[in-house]
Amino acid sequence: MSDKVRIGIIGAGAVSDYHHVPGIRIDDRAELVAVCDPNEELLQQRQSDWGETKSTTEYADIAADPDIDAVIIATPNFTHLPIALACIEGGKHVMCEKPLGLNFAESKQMYQAARDKNVRHMTAFTYRFAPSMRYVRHLVSSGALGTPRHFRSQRFLDLPETSWGWRQYKATAGAGDLFDMTIHRIDFAKDLMGPIESVCGAIAQYAPRTKTVDGKDCEPSEVDDWSSLIGRFQSGAVGVWEGSTVMKGYHNDGFGYEWAEVNGSEGSAAYQLTDPNNVLVGKAGESLQHQPVPDEFLVIPGSPRDPKAGVPSTVFRYDLVYELVSAIVEERDAVPGFDDGAMAQAVADAVLVSYENKSWIDIDANVDD
Ligand SMILES: NC(=O)c1ccc[n+]([C@@H]2O[C@H](COP(=O)([O-])OP(=O)(O)OC[C@H]3O[C@@H](n4cnc5c(N)ncnc54)[C@H](O)[C@@H]3O)[C@@H](O)[C@H]2O)c1
């Protein structure tokens, strides 16, 4: 029996390489022991990229393996539900990428399965871990901004208009920018401001994406590349969100542009993804000023990550694994959990219904009934 948390990665693609494997590497309580992906060439490649581990093309092997304690599911959205249910049934703790499911019902099913089996569950809502986001949260919860009134989020990417693969079909992705990008911002808005009561949303699609990067024809995109909502929080505060993946001139080395802020009765505070170790803060009658994020907010408590090492907009993502492993070791809930994943999904689903119906939608995000 290992004294480390033995982790299996399911889905050996981009996000596992960018976030999760580096996160496992810096946490000496954790060990990568298995990798699963149906792409055999990639699976082979990961043995040299990530080091020798067990490898399999079948997630059922990981779910049934008694020598794996926890899994990270980083596969296309439509596979999250069956893979999570199998791994939970096998007694594994699970971190799953967002969107948790293809809709609220799937996400709720995943939450209830994990709850009933008493395994740790976590949704990979990355931006909650940005130092500036953590500090803005502190400013809101400590009352430094007064009573929160407005939330605002803009997330713009300038991505090529070639095929997005599985990401451009409803059956495999659910939705486009809304489920890929805006759902993170729905989650952190709820974390900052409290539950969202009702929303009015709209989506649009500009890029048909009928060619692959190597010039082959493919079926046109069925999903949005622009998403937006206005919403009212239960507290009486209001919010406005806009996201786009075809925002020309916002490439910025792939990081794009991101701004999120809270305006309270006494002051405002803003987070920017491209400057995550600083915030902008202003009190009534002042102008927003840059301030460094205080040291205690640069990493989550206990994280071994050196906040001065690496690209700031990248490296905070490694703290997700630290939170998952801490929850397992300390036998407590991981944050954000599958319940948070499901609640964000309820709001994202409501954006689609609102757009379809041309109406405001009240949010029903009860995950426990
Ligand atoms: N949290 C974040 O900031 C963030 C960032 C990027 C992607 N994501 C999410 O992560 C997930 C994966 O995205 P990605 O960019 O890594 O995609 P990707 O296409 O690069 O990788 C997905 C991998 O999953 C594999 N796969 C497909 N079906 C599988 C199965 N049944 N079992 C095991 N592996 C399977 C594919 O072969 C591929 O290698 C998506 O849900 C996406 O929304 C989250």
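## A predicted model, question by question

Visitor: How many residues surround the ligand?
Guide: This is a predicted model. In it, G11, G13, A14, V15 and E97 are the closest residues to the ligand. The full count of residues surrounding the ligand is 22.

Visitor: How does the shell around the ligand divide into nonpolar, polar and charged residues?
Guide: Four residues of the shell are charged. Seven are polar. The nonpolar ones number eleven.

Visitor: Which domains does the chain have?
Guide: The domain assignment puts residues 5–126 in domain 1. The other domain is made of two stretches, 127–313 and 345–354. The names are domain 1 and domain 2.

Visitor: What distance separates the centres of domain 1 and domain 2?
Guide: The centres are taken over C-alpha atoms. Between the two domains, 15 residues of domain 1 are in contact with 18 residues of domain 2. On the side of domain 1 that touches domain 2, eight residues are nonpolar, five polar and two charged. The centres themselves are separated by 24 Å.

Visitor: Which strands stand at the edges of the six-stranded sheet?
Guide: The order in this open sheet is β3-β2-β1-β4-β5-β6, with parallel pairing. An edge strand here pairs on one side only. The edge strands are β3 (54–56) and β6 (121–123).

Visitor: What is the bridge partner of A34 in β3?
Guide: Strand β2 covers residues 30–36 and runs parallel to β3. Three bridges join the two. In β3, A34 has as its bridge partner K54.

Visitor: Why is one side of β14 and of β15 left without a neighbour in the sheet?
Guide: Nine strands form an open sheet of mixed pairing, in the order β14-β13-β12-β11-β7-β10-β9-β8-β15. β14 (289–292) and β15 (361–362) stand at its edges. One side of each has no neighbour because each has a single partner strand.

Visitor: Which helix packs on this sheet, touching β8, β9 and β15?
Guide: The direction of this helix makes about 60° with that of β8. The helix spans residues 338–357. Its name is α11.

Visitor: What is the bridge partner of I196 in β9?
Guide: β8 (residues 196–204) and β9 (residues 226–233) run antiparallel. Eight bridges join them. Across from I196, the partner in β9 is F233.

Visitor: How many residues does the hairpin from β12 to β13 pass through?
Guide: β12 covers residues 267–272 and β13 covers residues 278–283. They pair in the antiparallel sense over four bridges, and A270 stands opposite L280. The number of residues in the hairpin connection is five.

Visitor: Which residue in the turn between β13 and β14 has a positive phi?
Guide: β13 and β14 pair in the antiparallel sense over four bridges. V281 has Q289 as its bridge partner in β14. The two strands form a hairpin with five residues between them. The turn residue with a phi of about 85° is G285.

Visitor: Is α5 roughly parallel or roughly antiparallel to α11?
Guide: The axes of α5 (residues 104–117) and α11 come within 8 Å. They cross at roughly 170°. Angles over 145 degrees count as roughly antiparallel. That makes α5, relative to α11, roughly antiparallel.

Visitor: How many residues of the contact of α5 with α11 are nonpolar?
Guide: Among the residues that meet are F104, M110 and Y111 in α5 and F338, A342 and A346 in α11. Three residues of the contact are polar and three are charged. The nonpolar count is seven.

Visitor: Is α6 roughly parallel or roughly antiparallel to α8?
Guide: α6 (residues 131–141) and α8 (residues 177–193) have axes that come within 9 Å. The crossing angle is roughly 30°. Angles under 35 degrees count as roughly parallel. That makes α6, relative to α8, roughly parallel.

Visitor: Where does P99 lie?
Guide: The peptide bond from K98 to P99 is cis, with omega near -15°. P99 lies in the loop between β5 (93–96) and α5.

Visitor: Which residue has a positive phi although it is not a glycine?
Guide: This residue is found in the loop between β10 (238–244) and β11 (257–264). Its phi is about 55°. The residue is D253.

Definitions and conventions
Residues are numbered from 1 along each chain as its sequence is written. This is a predicted model: local features need pLDDT of at least 70, side-chain atom pairs count only at pLDDT 80 or more; totals for chains, interfaces and linings use all residues. A residue is near a molecule or strand if its C-beta atom, placed from the backbone, lies within 6 Å of it. Ala, Val, Leu, Ile, Met, Phe, Trp, Tyr, Cys and Pro count as nonpolar, Asp, Glu, Lys and Arg as charged, and the others, Gly among them, as polar. Axes are lines fitted to C-alpha atoms, for helices over the stretch in contact, and angles run from 0 to 180 degrees between N-to-C directions. Angles under 35 degrees count as roughly parallel, over 145 as roughly antiparallel, 65 to 115 as roughly perpendicular and the rest as oblique. Two strands pair if DSSP finds at least two bridges between them. Two residues are in contact if their C-beta atoms, placed from the backbone, lie within 7 Å. Domain bounds come from an automatic or database domain assignment.
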